Amino acid sequence: MVIVYQSNTGFTKQYAEMLAKAEKLKLDELDEAELSNDTEVFYMGPLMAGHITGIEKAVKQFRVVGACGVGMSPPGRDILNTLSKA
């Protein structure tokens with residue numbers, strides 16, 4: 001498995017680096033990742049307006065088996081449902 005991320009401010013990159021180090025996984029930035037289409041990836045991207053930025057591109061390019069949105073959002077089931085549908 002590879003951690004693939006997109007970061008706008010640097011926070012997602014920092015979290016992705018920490019997770020990759022802790023789990024001993026390879027790490028690639030979304031726009032620079034040269035992986036095969038069947039590579040299993042854990043995608044990390046910034047939360048913006050109830051959406052994980054870049055997830056559509058990641059899903060088209062790789063086999064996304066998990067995702068993490070980095071940022072803040074109001075608590076509640078509505079936001080979880082919106083994110084899981086995306």
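The following exercises, with worked solutions, concern a predicted model of a single chain.

**Exercise 1. Determine which elements of the chain have the lowest and the highest mean pLDDT.**

Solution. Begin with the chain as a whole: the average pLDDT is 90, and 93% of the residues score at least 70. Then turn to the elements. The lowest mean pLDDT, 71, belongs to helix α3 (residues 77–85), while strand β1 (residues 2–5) has the highest, 98.

**Exercise 2. Classify Y43 and Y15 as buried, partly exposed or exposed.**

Solution. First, locate the two residues: Y43 lies in strand β3 (residues 40–48), and Y15 in helix α1 (residues 11–23). Next, apply the cut-offs: buried means under 20% relative accessible area, and exposed means over 50%. Y43 has 0% relative accessibility and is therefore buried. Y15 has a relative accessible area of 42%, so Y15 is partly exposed. Finally, relate their positions: Y43 and Y15 are 28 residues apart along the chain, and 12 Å separates their C-alpha atoms.

**Exercise 3. Assign Y15 to a surface patch and Y43 to a nonpolar core.**

Solution. Y15 joins F11 and M18 in a nonpolar surface patch, whose accessible area is about 340 Å² together. Y43 belongs to the largest nonpolar core, a set of twelve residues that also includes V2, L35, I55 and F62. Strands β1 and β3 and helix α2 (55–61) each give two or more residues to this core. The largest share, three residues, comes from β3. A second, separate core has six residues, among them I3, Y5, A16 and V70. In soluble globular proteins, nonpolar side chains tend to be buried together.

Terms used. Residues numbered from 1 in each chain as written. Predicted model: local features only at pLDDT ≥ 70, side-chain atom pairs only at ≥ 80, totals over all residues. Heavy atoms only, no water. pLDDT = per-residue confidence, 0-100. Helix = DSSP H or I, 4+ residues; strand = E, 2+ residues; numbered from the N terminus. Buried < 20%, exposed > 50% of the residue type's maximum accessible area, 1.4 Å probe, protein only. Patch = residues over 30% accessible without salt bridge, like charges linked within 9 Å, V, L, I, M, F, W, Y side chains within 5 Å. Areas by Shrake-Rupley, 256 points an atom, 1.4 Å probe, with all protein chains shown as cover. Salt bridge = Lys/Arg side-chain N within 4 Å of Asp/Glu carboxyl O. Core = buried A, V, L, I, M, F, W, Y, C linked by side-chain atoms within 4.5 Å.
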